[in-house]
Amino acid sequence: MNFICEPALQEYMQKKKRAAILVEEITSSNSDFEITELHIRLVDEKAARLFKTKKRYYACQTDFGEVLLPPFKLKIADTVVFSLKSFLGIKYVAQKGIET
């Protein structure tokens with residue numbers, strides 16, 4: 001696997017003092033059907049340790065930090081690109097290459 005982090009996201013991670021990108025699966029079942037989607041967020045070193053030890057996430061070391069992946073199977077492309085997006089002034093991490 002090759003993880004690429006766009007320069008704007010790298011700068012944002014340094015500014016916010018975040019060392020890892022967390023990929024987690026979120027399930028909502030508030031209605032007659034269940035929705036599952038990926039949630040990508042930045043975490044600090046303390047949260048990264050918690051996910052690695054307590055929740056058994058595994059870490060992939062990259063040149064920009066760690067990418068934490070859940071302990072179950074995801075469809076991951078050979079190259080995954082993380083980028084910083086913004087909507088109405090709210091910044092979030094987007095990705096291309098990982099599917100549930």
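**A buried glutamate and the two sheets around it**

Glu66 has a relative accessibility of 13% and therefore counts as buried, since the limit for that class is under 20%. The model in which this residue is seen is a predicted one. Glu66 belongs to strand E5, and, once neighbours within four places in sequence are set aside, its contacts are Ala19, Ala20, Ile21, Ala48, Lys52, Ala59, Cys60 and Gln61.

Which side chain makes a polar contact with the side chain of Glu66? The partner is Lys52, at 3.0 Å. These two residues also form a salt bridge, in which the closest N and O atoms are 3.0 Å apart. The pair connects distant parts of the chain, with Lys52 lying in helix H2 and Glu66 in strand E5, 14 residues apart. The two ends of this bridge fall into separate accessibility classes, because Lys52, with a relative accessible area of 30%, is partly exposed, whereas Glu66, at 13%, is buried. Side chains of opposite charge can pair in this way when their charged atoms come close.

The structure holds two salt bridges. Besides the pair just described, the side chains of Glu24 and Arg41 meet in a salt bridge with an N to O distance of 2.7 Å. This pair, too, links distant parts of the chain, since Glu24 is in strand E2 and Arg41 is in strand E3, 17 residues away. Glu24 is counted as buried because its relative accessibility is 10%, while Arg41, at 30% relative accessibility, is counted as partly exposed.

The strands named so far belong to one sheet. It is an open sheet of four strands, placed in the order E3-E2-E5-E4, with mixed pairing. Strand E3, residues 35–43, and strand E4, residues 58–62, are the edges; each has a single partner strand, and so one side of each is left without a neighbour in the sheet. Ignoring direction, neighbouring strands of this sheet are turned against each other by 25° on average. Strands of a sheet pair through backbone hydrogen bonds, in either a parallel or an antiparallel arrangement.

What gives this sheet its mixed character can be followed on the two sides of E5. Towards E4 the two strands run antiparallel and are joined by five bridges; here Tyr58 has Leu69 of E5 as its bridge partner, and a hairpin of two residues leads from E4 to E5. Towards E2, which spans residues 20–28, strand E5, spanning residues 65–69, pairs in the parallel sense over three bridges, and Leu22 has Leu68 of E5 as its bridge partner. Helix H2, residues 45–53, packs on this sheet and touches E2, E3, E4 and E5, its direction making about 35° with that of E5.

The other sheet is also open, and its three strands follow the order E1-E6-E7 with mixed pairing. E1 and E7 are its edge strands, each of them pairing on one side only, and the twist from one strand to the next averages 15°. Between E6 and E7 the pairing is antiparallel and extends over nine bridges, with Val81 standing opposite Lys96 of E7. Helix H1 packs on this sheet, touching E1, E6 and E7, and its direction makes about 70° with that of E6.

How many residues make up the largest nonpolar core? There are 19, and Val23 and Phe82 have the most contacts inside it. Strand E1 (2–5), helix H1 (7–16), E2, E3, E5, strand E6 (75–87) and strand E7 (90–99) each give two or more residues to this core. Apart from it lies another core, of seven residues, including Val43, Ala48, Phe51 and Leu68.

The surroundings of Val23 show this meeting of elements at the level of a single residue. With residues up to four places away in sequence not counted, Val23 touches Leu38, His39, Ile40, Tyr57, Val67, Leu68, Leu69, Pro70, Leu74, Phe82 and Ile98. Leu68, one of these contacts of Val23, is a member of the core of seven residues. Ala48, likewise in that core, is one of the residues in contact with Glu66, which brings the description back to the buried glutamate at its start.

Key: Residues numbered from 1 in each chain as written. Predicted model: local features only at pLDDT ≥ 70, side-chain atom pairs only at ≥ 80, totals over all residues. Heavy atoms only, no water. Pairing = 2+ DSSP bridges. Axes fitted to C-alpha atoms, helices over the stretch in contact; angles between N-to-C directions. Contact = heavy atoms within 4.5 Å. Core = buried A, V, L, I, M, F, W, Y, C linked by side-chain atoms within 4.5 Å. Buried < 20%, exposed > 50% of the residue type's maximum accessible area, 1.4 Å probe, protein only. Polar contact = N/O pair within 3.5 Å; in protein donor to acceptor, adjacent residues only side chain to side chain. Salt bridge = Lys/Arg side-chain N within 4 Å of Asp/Glu carboxyl O.
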